[in-house]
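Please look over the sequence and the model below before reading on, and keep both at hand while the text moves from one region to the next.

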Amino acid sequence: LKWPLSIEHCPPPFEAMRAPLLDDSSAQSWPTARLWRFLELVAVFCAGSGFLHYVGSVENDAPKDGARKPATEGNSSLVPPKMDPLGGVGAPLAKQVVLAMGNIISFHTEWDNWEAWSKEMAPYWTEDMIYDFGYVGSWNFGRAHGLREFFDNEHIHYNQALPDCQFTDFIRAATDTTCTSVSYGLARWEGPYAGVPPPASKPWVRVRDLDFYLVEGDKIKINWCIIDVVDMFMQVGYNVLPPPPMATDGYLAPKAMDGWPPPLSAKVHPKATAASEQIWRAALHEDYRLDAGDARWWSESMVWYGPGGVGTAHSSREYSTHWLRPLHAAFSNVTMAIDIVVCEGSYCGAHFYLHGIHTGHWLGEEATGKRVSIRCGAHARIEMGKIQEGWMIVDFPLAFHTMGVDLFGRAREFALAVS
């Protein structure tokens with residue numbers, strides 16, 4: 001601004017207002033000159049106030065403590081905007097790592113392109129990583145060592161059989177070094193799964209899934225994963241096991257408002273985690289190692305979403321009657337090997353193996369006398385000192401394989417019968 005303000009610097013409306021005053025000689029009269037001088041002062045005051053407001057806003061908007069502003073249009077800085085970490089404020093490191101990796105899987109990023117896929121995945125896995133999927137029969141692969149085996153084995157086979165499978169996690173608990181999730185996927189079954197073809201209609205199926213992770217530093221070292229193949233087969237009429245002793249309600253989310261997926265880490269208190277883990281380990285020990293049979297750590301009104309072929313228990317009595325007691329009656333000299341236990345707040349999980357001699361009737365099979373390996377993944381929600389809800393998947397194809405029975409072969413027979 002120039003002082004005194006001249007007509008050249010007046011905005012158009014102000015100039016139009018002044019023009020009539022200058023059109024006749026009266027514009028030079030004393031009253032008119034004083035009036036015009038007053039209007040000039042008002043204009044200067046308003047312009048000055050606007051300038052000071054602008055300077056103040058720029059000063060207040062400037063980053064503090066040497067920090068750079070987030071990148072915006074016209075700003076060459078590439079500093080990302082401030083936001084919560086994956087999993088929310090307070091999320092343990094393992095939860096953040098697994099979520100970042102899981103986004104690549106969930107969005108099927110370059111799923112069939114090894115070069116591009118491995119470039120995306122490599123930052124989240126150790127070089128000697130292990131991916132341990134369930135038994136897959138004629139697909140004939142076991143644990144994958146390294147990303148290349150992971151890609152060539154489970155990853156490609158699964159995505160060809162169940163393309164664009166969309167998973168929803170409904171439990172995700174973690175520490176800084178461990179993580180677990182409970183999920184279900186929705187997909188059309190379009191290609192053979194472990195040599196078992198889908199029905200001609202290629203129906204939609206719900207895939208029950210669980211994962212456990214061991215994290216080393218900020219990379220995943222081991223991922224144990226099981227899906228409930230028997231339940232998927234049952235959905236399309238491939239009933240490879242006898243009718244379950246209990247009705248099947250599904251694989252439902254927790255009946256609790258603990259965040260989504262629970263638990264919300266910021267709300268978790270370490271004492272609650274410690275108390276839950278103590279109860280969970282006691283329940284695992286008594287239910288499977290001691291053959292206590294009374295399920296005393298389970299609430300009387302609990303709900304247990306058991307594996308395909310067993311069903312859903314709505315009381316501790318049903319859980320004991322239709323799962324624990326038949327299991328221990330069928331196997332002797334049972335040992336238990338726990339790979340990992342994860343607890344966060346009210347939520348716990350465990351991946352473990354039971355090994356025993358098959359000496360009694362179990363799920364339609366008479367005793368074989370063989371030593372059988374039963375791979376299990378189990379989760380629980382614990383409140384008021386009791387387990388209120390439970391979820392379990394058992395790798396029945398593996399257990400029956402060690403008994404000398406091919407469940408995938410049975411499923412293929414069903415598929416051929418209805419084709």
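The paragraphs that follow take up a pocket, a helix, a sheet and the cysteines, in that order.

This is a predicted model, and the description begins with its largest pocket, which holds about 680 Å³ of space. The lining of this pocket is made up of 35 residues, and those that lie nearest its centre are Gly102, Ile105, Ser106, Phe167 and Asp211. Sorted by class, the lining residues of the largest pocket comprise 19 that are nonpolar, eleven that are polar and five that are charged. Several helices and strands contribute at least two residues each to this lining, among them the helices α3 (93-106) and α5 (147-161) and the strands β1 (125-132), β3 (166-174) and β4 (178-188). Strands β5 (204-216) and β6 (219-227) likewise each supply at least two residues of the lining, but the largest share, eight residues, comes from α3.

Helix α3 therefore deserves a closer look on its own, with the largest share of the pocket lining to its name. It has 14 residues, and the distance from its first C-alpha to its last is 20 Å, close to the 20 Å expected at 1.5 Å a residue. Buried residues of α3 include Ala94, Lys95, Val97, Val98 and Leu99, and further along the helix Ala100, Met101, Gly102 and Ile104 are buried as well. Gly102 of α3 is thus buried and is also one of the residues that lie nearest the centre of the largest pocket. After α3 comes histidine 108, whose phi is positive, near 50°.

Elsewhere in the chain, six strands form an open sheet with mixed pairing, and their order across the sheet is β8-β7-β12-β11-β10-β9. The edges are taken by β8 and β9 (331-344), each of which has a single partner strand, so one side of each is left without a neighbour in the sheet. Strand β7 (residues 298-305) is mostly covered, with six of its eight residues buried. On one hand β7 pairs with strand β12 (residues 386-394) in the parallel sense over four bridges, and in this pairing tryptophan 304 has glycine 390 of β12 as its bridge partner. On the other hand β7 pairs with strand β8 (residues 312-313) in the antiparallel sense over two bridges, where tyrosine 305 stands opposite threonine 312 of β8. The hairpin of β7 and β8 has six residues between the strands, and glycine 309 takes a positive phi near 100° there.

How many disulfides does a search of the whole structure find? The search finds one, and this disulfide joins cysteine 343 to cysteine 348 with an S to S distance of 2.0 Å. The torsion about the S-S bond of cysteine 343 and cysteine 348 is about 115°, so the disulfide is right-handed. Both of these residues, cysteine 343 and cysteine 348, are buried. Two further cysteines can be described in similar terms: cysteine 165 is buried because its relative accessible area is 4%, under the 20% that sets the limit for a buried residue, and cysteine 225 is buried with a relative accessible area of 3%.

Terms used: Residues are numbered from 1 along each chain as its sequence is written. This is a predicted model: local features need pLDDT of at least 70, side-chain atom pairs count only at pLDDT 80 or more; totals for chains, interfaces and linings use all residues. Side-chain values use heavy atoms; hydrogens and water are left out. On a 1 Å grid over the protein atoms alone, a cavity is a set of points where a 1.4 Å probe fits but cannot get out, and a pocket is an open set with protein on both sides within 12 Å along at least five of seven lines; lining residues have an atom within 4 Å of a point. Grid points are joined across faces, edges and corners, and a volume is the space filled by probe spheres set on the points. Ala, Val, Leu, Ile, Met, Phe, Trp, Tyr, Cys and Pro count as nonpolar, Asp, Glu, Lys and Arg as charged, and the others, Gly among them, as polar. The expected span of a helix is 1.5 Å times one less than its number of residues. Buried means under 20% relative accessible area, exposed over 50%, partly exposed in between (1.4 Å probe, protein chains only). Two strands pair if DSSP finds at least two bridges between them. A disulfide is a pair of cysteine sulfur atoms within 2.5 Å.
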